[in-house]
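User: I'm new to this one and would like a close look at a single part, the sheet. Could you walk me through how the strands are put together and what links them?

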Amino acid sequence: MTEAMEWRKSSFSGHGEEENCVELAVVDAKVWLRESDTPAVAIRTTPAQLGTFIRTAKTGALDHLGSPCYGAS
């Protein structure tokens, strides 16, 4: 299903084929996201959930998830 979608990427991502970025598509009021270098893998969410994720990420509340100690006991 992800092949027939009209995928969009940020204008900040550049215009070359080598540019890796997150791409979005909207189908039936659902937002699909994929990484351009692995286009066969996509996730689906709602506009409201995506908005919540973006607002949370902008606050820095998710920064610890990239830490090498995350999940260590």
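Analyst: Let's start with one pair of residues and work outwards. R8 has a bridge partner in β2, and that partner is L24. This belongs to the pairing of β1 with β2, which is antiparallel and runs over two bridges. Keep in mind that this is a predicted model, so everything here is read from computed coordinates.

Now the whole sheet. Four strands make up an open sheet, in the order β1-β2-β3-β4, with antiparallel pairing. Who stands at the edges? β1 (8-9) and β4 (42-45) do, and each has a single partner strand, so one side of each has no neighbour in the sheet.

Back to R8, since its side chain has a partner too. R8 forms a salt bridge with E6, with N and O 3.8 Å apart. Are these two residues buried or exposed? Both E6 and R8 turn out to be exposed.

There is another salt bridge to look at, because the count for the model comes to two. E23 pairs with R34, and their closest N and O atoms are 2.7 Å apart. E23 sits in strand β2 (residues 22-27) and R34 in strand β3 (residues 30-35), so this salt bridge ties together parts that are 11 residues apart in sequence.

Where do E23 and R34 stand in terms of burial? The cut-off for buried is under 20% relative accessible area. E23 has 14%, so E23 counts as buried. R34 has 13% relative accessibility, so R34 is buried as well. Put the two salt bridges side by side: E6 and R8 are exposed, while E23 is buried and so is R34.

Stepping back, here is how the sheet fits into the chain. Along the sequence the pattern reads β-β-β-β-α, and the chain has four strands and one helix. Of the 73 residues in the chain, 21% are buried, and E23 is one of the buried ones. The chain's accessible surface is about 5800 Å², and carbon and sulfur atoms hold 56% of that area. As for contacts, take those with a separation of 6 or more: 16% of them are between residues 24 or more positions apart.

So, to retrace the route: R8 pairs with L24 across β1 and β2, and E23 in β2 ties to R34 in β3.

Technical notes: Residues are numbered from 1 along each chain as its sequence is written. This is a predicted model: local features need pLDDT of at least 70, side-chain atom pairs count only at pLDDT 80 or more; totals for chains, interfaces and linings use all residues. Side-chain values use heavy atoms; hydrogens and water are left out. Buried means under 20% relative accessible area, exposed over 50%, partly exposed in between (1.4 Å probe, protein chains only). Contact means heavy atoms within 4.5 Å. Accessible areas come from the Shrake-Rupley method with a 1.4 Å probe; for residues, only the protein chains shown count as cover. A salt bridge is a side-chain nitrogen of Lys or Arg within 4 Å of a carboxyl oxygen of Asp or Glu. Two strands pair if DSSP finds at least two bridges between them.
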